[in-house]
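Work through these exercises with the model open beside you. Try each task before reading its solution.

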Amino acid sequence: MIGILGFKRIMIVLFLVAVNALLAAALYLYLVPELDTMERKVRTERAAENTVRGDIANIQAEFDQLEVQQDAYDDLRADGFFSNQSRRDAQIVFTEAKAYSDVTEANVSVRSGMVVEDENAAKADQVMLESPVSINFTSVDDIDIYEYIHYLEQVFPGYLSVESFSLNRNANVSDTMLRAIATGATPPLVTGSVELTWHTMVSREDYFANPEQGGVR
Amino acid sequence: MLGSAKTILMIGDEALSIYSSGFKGLELVEAVPWSADNFEENAAKIIAKDCAGKSVTVLNDMVEQHYRKERVPKVNVMDRKNVVTRKLNVAFPNYPVRAAFPLKEKIPKSDKLPAASVYIFAAAPQSEQYVKTMEAAKRSLASVSGYALLPVEAATMVKTLSAKLTPRSRPRAKWSVFIGQHQNGGLRQVVIKDGELALTRMTPVVDTDADPDMWAHEVYQEFQATLSYMARFGFVAEDGLDIIVVANPAAGDILGGIIEVEANIYTMTASEVAKKLGLSIASYSDQRYADILHAAWVSKRPKLQLPMHAKELEAISKPRQVATILSLVLIAGTCYFGYQAYIKFEELQEANETVSDTRLRTARLNEEYQIEVEKKEALGFDVRMVQSSIAVRDALDQANIDVLSVIEGIGQGLGRDLRLDSVAIEPFQESQTNRATRMLQGDFSNDPNAAAYTYVARVQLTFPSTTDIDRGNEEIDALKDRIQAQLPNHNVEVEKYLKDTEYVDELVMGEDGTPREGVAQDFVISLAIRGANS
């Protein structure tokens with residue numbers, strides 16, 4: 001074959017094959033994937049730029065709003081939204097709520113808090129502290145339970161979000177029941193439960209400097 | 001492939017003439033005698049170096065060439081090639097270098113014979129000159145694009161030349177004779193009839209026109225002999241005859257004067273013919289020789305009229321053609337990949353610059369934002385903290401279930417006469433908001449807000465067993481409408497009417513495990529209220 005084609009021609013073909021392979025490899029194994037990655041990067045960077053642009057526009061245009069926001073922020077602070085979830089304070093509020101609402105029983109369980117990363121909180125270098133709360137009620141009237149929840153919503157330090165709620169009427173009001181109530185007894189006509197989450201926002205730096213404060217039961 | 005053929009090897013009886021196209025047109029590079037020492041090596045060197053290894057076409061101009069006019073019965077297209085090949089083998093069993101091409105002439109069907117096509121079968125011997133030429137071509141490593149017989153290729157040249165020389169006012173002659181002397185001294189006459197090769201002759205004549213009269217008379221003698229052959233092929237003066245002679249003007253004029261036959265006689269120099277045909281030949285070529293015209297014609301043609309087939313030729317040409325095609329494909333591939341790589345690289349550079357620019361702009365904007373923040377902080381606002389905490393609170397509000405509002409709405413809907421037995425409010429699982437999942441679960445409701453609902457409240461009420469079912473169901477529908485009115489952004493549905501006896505019904509059974517007859521059972525109805533915090 002070398003006699004017919006000649007060494008030079010064979011070398012040229014081999015050289016061209018090598019050049020093709022090299023270029024194809026460079027194109028499909030490096031340039032195309034790299035370009036895809038770079039295009040994604042471009043989109044991300046542009047989005048980041050637009051976000052900052054938006055933030056600047058907002059901060060410049062919303063000076064009046066900022067004053068309103070400052071009021072809302074002050075309210076949050078007054079509501080204990082930036083507290084580290086003191087169980088003692090919580091205990092006081094639960095006791096007050098029971099007295100306020102006249103529920104017969106309110107079994108409260110506040111489980112250990114946990115730190116949760118939140119995109120919005122991270123912007124101010126904060127983390128979320130979240131503690132699950134379960135309350136089981138018995139009451140003569142369902143209104144008492146609603147008042148209990150209402151009291152918590154108004155007074156409880158931080159933010160309480162309702163995850164689920166259930167209420168059951170165990171017995172109808174009969175003459176016997178009415179007579180019992182008249183004598184001062186509190187028959188458990190209604191039972192209910194509510195699952196809550198206690199949210200507060202704490203400084204990342206402070207929390208990680210003293211984490212046990214947030215995890216106290 | 002032939003279009004790129006720039007080296008013509010003309011096999012003559014005395015020598016191998018090597019022509020090459022250059023800047024000044026096609027020129028004779030060298031005529032290497034067959035008897036020369038190291039013929040193959042020398043010829044290969046000339047092809048490789050003096051002709052720069054350009055693609056080679058071999059043209060046979062030897063005396064010994066064989067032509068036969070053969071009739072081939074008309075067969076279908078699929079079989080035609082096999083029939084022609086078989087007949088060609090029979091016609092020239094001892095000449096492996098052979099080929100056939102069809103003429104315009106057709107033989108119609110007669111009583112005794114079927115319709116047939118007429119072919120010219122051509123063959124050339126596998127002579128020593130042929131073998132030496134192939135060896136030289138092989139050693140040169142130049143690609144071989146084809147091998148042809150000069151008279152066959154010349155026929156198309158004569159036809160074209162005759163057409164160009166004939167004035168429009170005059171009808172074209174049926175016969176044309178091209179007479180030209182070659183460098184080896186032989187006089188090549190090519191006769192065409194109706195544009196197709198009719199006969200060719202190669203005869204020796206005096207190889208000088210120093211005595212133009214003698215040269216003209218010798219050529220005239222040969223032409224007379226050709227005329228006698230033409231007469232056998234049916235030539236009559238009325239058919240019209242063009243005679244084209246390549247010669248120096250003096251000798252050509254004498255020859256033109258002594259030809260007696262009625263014909264259109266054109267005596268031209270090689271350059272005049274080349275100009276007429278649009279061929280490019282070196283201006284210093286001897287104007288009385290015609291072989292350079294044949295070489296230039298074949299060099300110019302995109303493909304051979306009758307490429308000859310031979311094993312030796314194919315053994316050289318096929319691999320080299322494949323290598324050439326492969327090289328071209330690879331060059332095209334290189335160009336494509338190179339271009340694509342260049343484009344992608346440019347795009348990558350551009351994207352890189354865009355990222356850098358965007359980062360730079362973002363950094364500047366961040367600084368600008370920081371300045372704005374500091375301005376606000378100087379005024380007493382911790383902007384990041386304020387906006388961040390409000391965003392968190394809004395998100396929590398969004399996810400929260402406003403139980404008291406829902407209960408209030410339900411309570412308003414119930415009014416004074418109805419009391420609920422139980423209510424359960426729980427968040428929707430993500431799968432429950434998916435339309436496909438809901439349909440799989442049997443929920444075909446077409447609520448456009450279905451995907452936005454975040455919680456569901458299930459309410460149960462008990463109606464006494466004495467309740468009229470129809471009136472009870474009407475009351476349930478009315479209750480549903482009242483709750484819906486109180487909770488406008490919610491979706492209220494009755495999951496269970498009085499008449500149903502499904503999973504929520506109470507069942508009273510005796511100690512023996514069978515339902516107790518005569519014990520009236522209350523009706524339990526159920527409503528589902530789906531909603532989300534707005």
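**Exercise 1. Count the residues of chain B in contact with chain A, and find the elements they come from.**

Start with the count. In this predicted model, 62 residues of chain B are in contact with 61 residues of chain A; a contact means C-beta atoms, placed from the backbone, within 7 Å. Next, name the elements. Those of chain B that give two or more residues to this side are α9 (311-378), α10 (383-399), α11 (403-414) and β14 (422-427). Helices (H or I, at least four residues) and strands (E, at least two) are DSSP runs, numbered from the N terminus. Then find the largest share: α9(B) gives 33 residues. Last, sort the side of chain B by class: 34 nonpolar, 15 polar and 13 charged. Ala, Val, Leu, Ile, Met, Phe, Trp, Tyr, Cys and Pro count as nonpolar, Asp, Glu, Lys and Arg as charged, and the others, Gly among them, as polar.

Some ground rules apply throughout. Residues are numbered from 1 along each chain as its sequence is written, while chains are lettered from A and ligands numbered from 1 in the order in which they are written. As the model is predicted, local features need pLDDT of at least 70, side-chain atom pairs count only at pLDDT 80 or more, and totals for chains, interfaces and linings use all residues.

**Exercise 2. Trace the strand pairings of β14(B), beginning with its partner in chain A.**

Take strand β4 (residues 159-169) of chain A. Four bridges join β4(A) to β14(B), and the two run antiparallel. Strands pair if DSSP finds at least two bridges between them. For a marker, use A:Ser166, which stands opposite B:Ala424. Now step on within chain B. β14(B) pairs with strand β15 (residues 455-463) over six bridges, in the antiparallel sense. Here B:Ile425 faces B:Ala457 as its opposite residue. One more step: nine bridges join β15(B) to strand β17 (residues 523-531) of chain B, again running antiparallel. B:Leu461 stands opposite B:Ile525 there.

**Exercise 3. Which residues does B:Val403 contact, leaving aside its neighbours within four places in sequence?**

First place the residue: B:Val403 lies in helix α11 of chain B. Then check burial. B:Val403 is buried, because 23 other C-beta atoms lie within 10 Å; buried takes 20 or more, exposed 12 or fewer, and partly exposed falls in between. Now list the contacts: A:Ile149, A:Val162, A:Phe165 and B:Ile425. Finally, check a distance. The C-alpha atoms of B:Val403 and B:Glu426 are 9.8 Å apart, with their positions 23 residues apart along the chain.

**Exercise 4. Describe helix α6 (residues 142-155) of chain A: its span, its buried residues and what they pack against.**

Span comes first. α6(A) has 14 residues and reaches 20 Å from its first C-alpha to its last, close to the 20 Å expected at 1.5 Å a residue. The expected span is 1.5 Å times one less than the number of residues. Then the buried residues: A:Asp142, A:Asp144, A:Ile145, A:Tyr146, A:Tyr148, A:Ile149 and A:Leu152. They pack against α4 (87-101), β1 (105-110), β3 (126-139), β4 and β5 (190-203) of chain A, together with α11 of chain B. For context, chain A holds eight helices and five strands. Of its 217 residues, 27% count as buried.

**Exercise 5. Give the strand order of the five-stranded open sheet in chain B, and find its edges.**

Read the order: β3-β2-β1-β4-β8, with mixed pairing. The edge strands are β3 (25-33) and β8 (144-149), each pairing on one side only. From one strand to the next, the twist averages 20°. Check one pair: β4 (residues 56-60) and β8 of chain B run parallel over five bridges. B:Val56 stands opposite B:Val144.

**Exercise 6. At what angle do helices α4 (residues 150-165) and α7 (residues 270-277) of chain B pack?**

The angle is about 85°, with the axes 10 Å apart. Axes are lines fitted to C-alpha atoms, for helices over the stretch in contact, and angles run from 0 to 180 degrees between N-to-C directions. So α4(B) is roughly perpendicular to α7(B), a label for 65 to 115 degrees. Now name the contact residues. α4(B) supplies B:Met157, B:Thr160, B:Leu161 and B:Lys164, and α7(B) supplies B:Val273, B:Lys276 and B:Leu277. By class, that is four nonpolar, one polar and two charged residues.

Conventions. Angles under 35 degrees count as roughly parallel, over 145 as roughly antiparallel, 65 to 115 as roughly perpendicular and the rest as oblique. Two residues are in contact if their C-beta atoms, placed from the backbone, lie within 7 Å.
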